[in-house]
Amino acid sequence: MAIDRYAVFGQPIQHSKSPRIHQLFAEQTGQSLSYVAQEVPAETFTDAADAFFSQGGKGLNCTVPLKELAWAYADKNTGRAGLSKAVNTLVLQEDGGILGDNTDGCGLVSDLMLNHGIALSGSRILILGAGGASRGIIAPLCQQTPHSLTIANRSIDKAVNLATEFSDMTTVTGCGFAALAGQQYDLILNATSASLSDQLPPLPENLLAKHGVCYDLAYGNQPTAFVRWGWSQHAAKSLDGLGMLVEQAAEAFFIWRGVRPDTRAVIELLDKSR
Ligand code: ATR
């Protein structure tokens, strides 16, 4: 019998760690499957996804710049994917339909709470950025009943509009970076793409509360500019998104295979090899 096929689509994709992560999950859980990375630009996403599923593919991960397209592509989306209007996991269902899900937010929450023991309930959370990466994490963070959630962005209107969309969940507000002066947060999450070019949003001094935590959704072989900023602010922890990457993959693997892999061993392995 042919083995079940999975893939990650995105652009750029050559440095993706997802094939290695899913191969490690498969070995660990005794599952037989293949998982490859395929360079797919936004313009050809629909054709590439159609071809993948019509040739027997079972599930796809979608990353930058395809998550919104994947949300529109799915025949049906889960509640959490609907809230984020972005999909990172597509699943072929028994009736032939394609289900869209988003495992990014729960991957982040698992990494923060389970791997790092960071309490979210009652905490003052700040998200930097108001793009697709921010959109995917707001609802899962709100479900942990923080004291407040603030979204700060370079284009202020995007932060305000995004906050309005989630305003029935918790105290969610949107603002620009200058409006952060004088405020303090227990957890600051960087969801801007500034990290990718080793840049930082303009952040006021004393933004991080005593014992506060910094977390960059991006990751790299070297500490990101935001992780280094966290150190300079004496963060109790200043983390990058490697753990979130492995946790979101584990949730996708669980959706596809019905088995939950041990993420800790995989995070440790990837951390050692950077
Ligand atoms: P993603 O889907 O990865 O979130 P995106 O939708 O392009 O990508 O959003 C990128 C985010 O990073 C936006 O919030 C963007 O701010 P603007 O909305 O004002 O463009 C933010 N961003 C990118 N480069 C930045 C920089 N150098 N400083 C501050 N914010 C930056």
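Visitor: Which residue in β2 does D4 stand opposite?
Guide: This is a predicted model, so everything here is read off computed coordinates. Strand β1 covers residues 4–10, and seven bridges join β1 to strand β2, residues 33–39, with the two running parallel. Across from D4, in β2, stands L33.

Visitor: How many of the seven residues of β1 are buried?
Guide: The cut-off for buried is under 20% relative accessible area. Strand β1 is largely enclosed by the rest of the structure, because the number of its seven residues that count as buried is five.

Visitor: Just past that strand, which residue joins P12 through a cis peptide bond?
Guide: P12 has its place in the loop between β1 and α1, the latter being 18–29. Omega of the bond is about 0°, and the partner of P12 is Q11.

Visitor: What is omega for the cis peptide bond of V64 and P65?
Guide: P65 is found in the loop between β3 (59–62) and α3 (67–73). The bond that joins V64 and P65 is cis, with omega at about 5°.

Visitor: Is K85 buried, partly exposed or exposed?
Guide: Look in the loop between α4 (79–84) and β5 (89–92) for K85. Its phi is positive, near 50°, in a residue other than glycine. Partly exposed covers the range between under 20% and over 50%. K85 has 35% relative accessibility, so it counts as partly exposed.

Visitor: And what is the relative accessibility of D198?
Guide: D198 sits in the loop between β10 (185–190) and β11 (208–216). Phi of D198 is positive too, near 55°, and D198 is not a glycine. D198 counts as partly exposed because its relative accessibility is 46%.

Visitor: Let's turn to the ligand. Which residue has an N or O side-chain atom 2.7 Å from an oxygen atom of the ligand?
Guide: There are 13 residues around the ligand, and the closest are A130, A133, N153, S155 and K158. An oxygen atom of the ligand also comes 3.0 Å from a polar backbone atom of G132. The side-chain atom at 2.7 Å from a ligand oxygen belongs to K158.

Visitor: How much of the ligand's accessible area does the protein cover?
Guide: One place to look is Q199, with an N or O atom of its side chain 3.1 Å from a nitrogen atom of the ligand. On its own, the ligand has 650 Å² of accessible area, and the part covered by the protein is 73%.

Visitor: How many residues of the shell around the ligand are polar?
Guide: The shell divides into three groups, with three nonpolar residues and two charged ones. The number of polar residues in the shell is eight.

Visitor: How many of the 11 residues of helix α6 are buried?
Guide: Helix α6 takes in residues 132–142 and is mostly covered. Its buried residues include S134, R135, G136 and I137, with C142 also among them. Of the 11 residues, the number buried is nine.

Visitor: What do the buried residues of helix α8 pack against?
Guide: In α8, residues 225–232, the buried ones are A225, F226, V227, W229 and G230. After α8 comes H234, with a positive phi near 60°. The buried residues of α8 pack against β7 (124–128), β10, β11 and β12 (237–239).

Visitor: How far apart are the C-alpha atoms of L245 and A191?
Guide: L245 has its place in helix α9, residues 242–257. L245 counts as buried because its relative accessibility is 14%. Not counting residues up to four places away in sequence, L245 touches K17, I21 and Y219. A191 is 54 residues away along the chain, and the C-alpha separation is 14 Å.

Visitor: Which side chain makes a polar contact of 2.8 Å with the side chain of T263?
Guide: T263 lies in helix α10, residues 263–272. T263 counts as buried, because its relative accessibility is 11%. Leaving aside neighbours within four places in sequence, its contacts are F25, V246, E247 and A250. The polar contact of 2.8 Å joins the side chain of T263 to that of E247.

How values were computed: Residues are numbered from 1 along each chain as its sequence is written. This is a predicted model: local features need pLDDT of at least 70, side-chain atom pairs count only at pLDDT 80 or more; totals for chains, interfaces and linings use all residues. Side-chain values use heavy atoms; hydrogens and water are left out. Helices (H or I, at least four residues) and strands (E, at least two) are DSSP runs, numbered from the N terminus. Buried means under 20% relative accessible area, exposed over 50%, partly exposed in between (1.4 Å probe, protein chains only). A polar contact is a pair of N or O atoms within 3.5 Å; within protein, one must be able to donate a hydrogen and the other to accept it, and residues adjacent in sequence count only if both atoms are side-chain atoms. Contact means heavy atoms within 4.5 Å. A residue is near a molecule or strand if one of its heavy atoms lies within 4 Å of it. Accessible areas come from the Shrake-Rupley method with a 1.4 Å probe; for residues, only the protein chains shown count as cover. Ala, Val, Leu, Ile, Met, Phe, Trp, Tyr, Cys and Pro count as nonpolar, Asp, Glu, Lys and Arg as charged, and the others, Gly among them, as polar. Two strands pair if DSSP finds at least two bridges between them.
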